[in-house]
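Colleague: I'd like to learn how to read a few features in a structure. Could you walk me through them?

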Amino acid sequence: MENRRRNLERGQRAMILTSLTLENVGLYKGKNVLDLRPKEGKNIVLFGGKNGTGKTTLLESVKLCLYGNNIYGYTKKQYEEFIKKLIHKGEKSAQVTLEFIYFSLESHDTYKVVRKWDLGKRFKEEFLLYKNGEIYKEIPREQWQEFISDIIPPSLVNFFFFDGEKIEKLAEDFSEVEFVNDVKSLLGVTVIDTLRTSLDILRKRYINQEDVSEEISQKLQELEEKRKTLEKELEKKLQSLADIENKKQVLERKLKTAEREFIEKGGEAFRSYERNKTRKEFLESEIEKIKNEIRELASKDLPLATGMDLVEELLVQLEMEKEIKRINFEKEILQNKLKELENILTPLSLDKEVLEKIRNLFSVNKEIKSDIILDLSEKENKTVEVVIQNLKTNTLGKAKNLFLKLENLEEELLEVESALQNVPEEEFIKPYLEKLSRLERKRMEYETIRKCLEEEIRKLEKEKNKVEKEIEKLESFIKQKMKKRMVIHIIEKSQKVIDRFRKEFVKRKIKILEKEILDAFYKLKRKENFIRDLHINPETFEITLFDVNNRKIPIDRLSSGERQIFAISFLWGLARASGKKLPVIIDTPLGRLDNEHRENLAKNYFPHISHQVIILSTDVEVDKELFEMLRTHISHSYQLVYDEDCMCTKVHKGYFWN
């Protein structure tokens, strides 16, 4: 056992259950902690209890803690009812805790799995996973169950955790469907079958989608032909367009030459003859209009403008006469005032000198040396000033503009008349003009052809793009189909490979399984040379036994005890063939075996089937004699005793008589 532990610690993947704690589960009231860790190199932990003391509860609690409803497959309602019945009578909650050490290739860690239930207002189950004393945070909570199932796959649990009923059922019928499925799962065949089935479903799905119809192929062919036709037409049109462009370039050069010759021969004047002729008529008309306006001005104020110097002199004269009149008026007033003053002063007999000074004060010395010629009244004077001002600001300005415009028009008229005089004779210029016109018409013809070709090319390209899109769409569709067809081919090829692999895989696994079962059976058999060989059909998993003479031995010819021994051998062989290093829990395994078979199991089975074996037995199965035979392999033992007072099972250390 120490060697086995050391092997485990050296890196084998293995599992050791260390404790199981039941709180209000079944007959177990309150908290019951059971130490499951094998000690002192001994692999067996023995639980003794009479019928109805809770041995099976221990086995089911381990499964329930690890997998919950996953191991039973109940509906939610059925599972709730199952748990309600499982919880100790009168209690509202329960809990199962399983602790184990898992040896991986790199290390070994302690895990604690807790599954607890609460029957409060609503049924509630809680699943917890701890690693090395702390809640397991390395993986998400929703992956905890998957982690446990990786360590102990549910499909294998019935080969490691089983009871006498399982052995008996197996002994009765080795071809039971459930059993065959478990064997397939253990050997890994189920995974292969699932993979093949999934591939077949996928293949059928692709087959249903895969069908490139003849109509689609025909349509694609038609589109391809249409595209080729369009490409040829497009190529022709593009070539025609290039030809026209070349011809246009040649024509443009000819046009330039012809235009130059035409201009050199007076073509420009000839070309502008009609325009100049029309312009001449217009200029002559405008000149006449302006002359009429000038005549009108001349019939009014304009003549005065011809004597502007005299008009200016008139204005000076008028101003001067206005000043003379103003001075004379002032003199007259002063003389009248002086006479009145002299009449007043004469009686006073003033000195002559004083009188002379007074006369000087009233004298006006200012004089203008001119005569009043026109002697206009103030009103007449005003009228003359208005007339002269209007002449300056309106008549003269308008007359100047008219004369300037007239001058410009007459100059242009001279130029036009000169151009008209230089126009070549029509007969002279006609050949050049006709040549130019002919080339112009040709250029227009080329331009028309060019525009038509560009329009046709545009339509062809549009049609070609449309066809190409349809082709692309169909090709994409067909490629997808072809891809699916290729996938179907790959799937079918893979299925054939899987079939061959499965056949060889099952063959090898069956060989290993046959050897392991036979080895196990040899260790447990009572009759020498009774069964020498066995064969397992790789397709049906039907078991055939052979005697020393290589004759078939029908399993139903074996006694009940022999079938149970063979069933145990079968389970042992399966466990060994799985390659898993897991604990074994056996509930009441020896019920139908005679003493010789039970002793054989005590000697050759329990001490060797696993590094940890938990046996749940009655005092009849493992009696005193068998206990003594197992003593050297028993790590420790418990006795399960039903207490009438508390109506519960109490756990005591030791066995019935130990």
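Modeller: Sure, pairing comes first: two strands pair if DSSP finds at least two bridges between them. Strands themselves are DSSP runs (E, at least two residues), helices are runs too (H or I, at least four), and both are numbered from the N terminus. This is a predicted model, where local features need pLDDT of at least 70, side-chain atom pairs count only at pLDDT 80 or more, and totals for chains, interfaces and linings use all residues. Residues are numbered from 1 along each chain as its sequence is written, and side-chain values use heavy atoms, with hydrogens and water left out.

Colleague: Which residue is the bridge partner of Y638 in β15?

Modeller: That's K653. Strands β14 (residues 634-643) and β15 (residues 648-653) run antiparallel and are joined by six bridges. They make a hairpin with four residues between them, and M647 in the turn has a positive phi of about 55 degrees.

Colleague: How do I read a disulfide, and how many does a search of the whole structure find?

Modeller: A disulfide is a covalent bond between the sulfur atoms of two cysteines. The test here is a pair of cysteine sulfur atoms within 2.5 Å. The search finds one: C646 is joined to C648, S to S 2.1 Å. The link is left-handed, with -80 degrees about the S-S bond.

Colleague: Is C648 buried or exposed?

Modeller: Buried means under 20% relative accessible area, exposed over 50%, and partly exposed in between (1.4 Å probe, protein chains only). C648 has 5% relative accessibility, so C648 counts as buried. C646 is at 23%, so C646 is partly exposed.

Colleague: And a bigger topic, sheets: in what order do the six strands of the open sheet come?

Modeller: Strands of a sheet pair through backbone hydrogen bonds, either parallel or antiparallel. Here the order is β2-β1-β4-β5-β6-β7, with antiparallel pairing. β2 (28-35) and β7 (134-135) are at the edges with a single partner strand each, so one side of each has no neighbour in the sheet. Inside that order, β1 (residues 14-25) and β4 (residues 93-103) pair over nine bridges, and M15 stands opposite Y102 in β4.

Colleague: Which strands does helix α4 touch?

Modeller: Contact means heavy atoms within 4.5 Å. Helix α4 (residues 144-151) packs on the sheet and touches β1, β4, β5, β6 and β7.

Colleague: Where does F123 lie?

Modeller: F123 is in the loop between β5 (108-118) and β6 (124-131). Leaving out residues up to four places away in sequence, F123 touches Y79, E80, I83, W117 and D118. Its relative accessible area is 22%, so F123 is partly exposed.

Methods: Axes fitted to C-alpha atoms, helices over the stretch in contact; angles between N-to-C directions.
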